[in-house]
Every structure is written in structure tokens, then in C-alpha cells.
Amino acid sequence: VNGFVSSPEKRMRLQKKYMAVSDDDEFSPEAFRRLQERDFSGDALKIAVQRAKENNSPTKKKREFSSPPPRGPVGMRDRRVQAAQEPRNELNELIEKSWGVLPIFQILLRLSGIFFLFSLITYGFVDNIDTYNELLEISIGRRISLAALIGASATLASAFRLLGEWKYVADRLTDTTLYFEETGWADGFNLQKPDETAFRDLILRDQEVSPRLAVVQQAFFLCLGSASVSLASFLFFWISASSGAV
């Protein structure tokens with residue numbers, strides 16, 4: 001670019017070209033417009049276009065692989081905030097990895113697998129002790145009740161963890177002031193959500209989180225009921241066996 005750019009059409013074409021190749025916040029469209037209003041000299045525009053080319057060069061892209069986590073997500077509008085800590089991104093990550101997105105019967109099926117796995121391991125361990133220890137005799141009822149209690153406890157812990165994940169994201173989407181950590185707990189800070197971001201997060205909570213949270217809560221209470229029954233049976237068999245009734 002040489003000399004003064006006098007034609008509005010030429011200025012518009014140059015601006016669109018620059019916007020298409022630039023990904024640097026320092027030279028955003030607003031900053032570029034300010035640059036146009038202030039100075040249309042050849043040197044100023046050369047600097048702007050050169051910076052855009054440098055940002056899209058292979059060397060620049062190669063360095064990005066070893067760069068720190070991206071900061072300044074659009075929602076929070078603060079460069080100290082890591083993108084992974086923004087509530088919308090936390091929700092997307094949770095949806096990708098959580099059982100909470102599954103139908104209730106599939107969640108219960110997986111939790112049942114945890115129940116039977118821990119129950120079988122516990123029963124085998126207790127049976128092995130009873131077999132090789134002649135001084136100790138454990139009845140079938142006590143073995144089964146202990147195995148069921150351990151299995152139900154593991155299932156309840158898994159359901160509680162699942163519930164905690166969705167409750168945490170729901171709270172992050174609901175709260176208007178959030179806590180973030182720039183690099184760790186030592187430099188944590190609170191940040192107020194912009195109004196449009198708070199409104200967007202409330203919509204995400206109502207449409208994406210609340211239905212799934214209700215399903216997860218249902219699974220959790222079913223596991224809680226199962227654990228309560230297992231605890232009652234455990235107390236019955238072990239107390240009765242101690243008294244000689246069973």
C-alpha cells in the first residue's frame with residue numbers, strides 16, 4: 001500500500017481483506033477503523049497488514065501449539081480468564097464426557113454395573129476369608145448383606161459425583177459473579193458477568209442443564225434408596241447373627 005488511500009471503495013476492500021486474515025485482538029475491526037480515521041498513510045497501513053500476515057504465518061501457528069491455554073473468551077470479556085473456565089465451555093466439556101446426557105435407564109444400567117462389580121469383589125473377598133480362616137465363620141446372609149452394602153455405597157458415590165458435576169455447572173451458569181483462577185489459587189479473582197452473558201447463561205441453564213439435572217437427581221435418589229435398603233439388611237443380618245438369631 002503506497003500513499004494516501006482516498007477512495008472509500010479501496011478503503012473498504014482493504015479493511016475486509018485485513019479482517020479476513022487477522023486474528024489478533026490488538027488489531028480488531030474497531031481498532032482498524034480507528035486506525036483508518038486517524039491515519040491512512042502508507043506506513044500505518046503497511047504495519048497493520050504486515051502484523052496480520054505475521055499472525056497467520058506458519059511460524060506463528062507452530063508456536064501456538066506450545067502456547068498457554070487460550071484466554072479472554074467472548075462471554076466474560078477478560079483476558080485473565082482461561083477459556084476452559086468460562087461456564088459455557090464448562091458445560092460443553094461436561095456434555096461431552098458425562099453420563100448425565102444419557103436417558104435414565106442407561107444411567108441406571110451403568111450404575112448397576114458398578115453395584116454388581118463391587119458386590120462380587122466384596123463377596124469373593126469375604127468368602128475367601130471364611131474359607132481359609134477356620135476360626136471365623138460368616139453366614140451367607142452376612143456375606144450377601146456386606147457385599148450389597150459395599151456395592152450400593154460405590155454406586156451412591158458415583159451418582160453423587162455425577163450430581164455434583166451438573167449442580168456445579170448449573171450454579172456457574174446461574175451466578176452473576178464468578179470465581180476464576182488465572183494460573184492457580186494464588187491469583188484467583190472474582191469477575192462480574194456482562195448482562196448479555198448472564199442472560200445467555202440463564203437460557204443455557206434452563207434449556208441444557210435443568211432437564212439433565214432432573215434426570216441425574218432421580219438416579220441419585222434411587223441409588224440413595226438402594227443404599228438405605230442395603231444398610232438396613234446389613235444391620236439386620238450382622239446384629240441378628242451376633243445375637244445368635246441368624
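Helices (H or I, at least four residues) and strands (E, at least two) are DSSP runs, numbered from the N terminus. This is a predicted model: local features need pLDDT of at least 70, side-chain atom pairs count only at pLDDT 80 or more, and totals for chains, interfaces and linings use all residues. Residues are numbered from 1 along each chain as its sequence is written, and side-chain values use heavy atoms, with hydrogens and water left out.

Select residues 195-243, which form helix 8, and find Ala-198 there. Ala-198 has a relative accessible area of 15% and is therefore buried (under 20%; exposed is over 50%, partly exposed in between; 1.4 Å probe, protein chains only). Add Thr-174: its C-alpha is 7.6 Å from that of Ala-198, with the two positions 24 residues apart in sequence numbering.

Next, select strand 1 (residues 177-181) and strand 2, which run antiparallel and are joined by 5 bridges; two strands pair if DSSP finds at least two bridges between them. Phe-180 stands opposite Phe-189 of strand 2. Show the side chains of residues 188-192: Phe-189 and Leu-191 are buried and point to one face, while Gly-188, Asn-190 and Gln-192 point to the other and are not buried.

Finally, select Leu-117, Phe-118, Ile-121 and Ile-150, which make a nonpolar surface patch of about 360 Å². Patch residues have over 30% relative accessible area and no salt bridge (a side-chain nitrogen of Lys or Arg within 4 Å of a carboxyl oxygen of Asp or Glu); nonpolar side chains (Val, Leu, Ile, Met, Phe, Trp, Tyr) are joined within 5 Å, like charges within 9 Å. Helix 6 (residues 104-132) gives the most to this patch, 3 residues. Phe-118 is in helix 6 and, at 37% relative accessibility, counts as partly exposed.

Technical notes: Accessible areas come from the Shrake-Rupley method with a 1.4 Å probe; for residues, only the protein chains shown count as cover.
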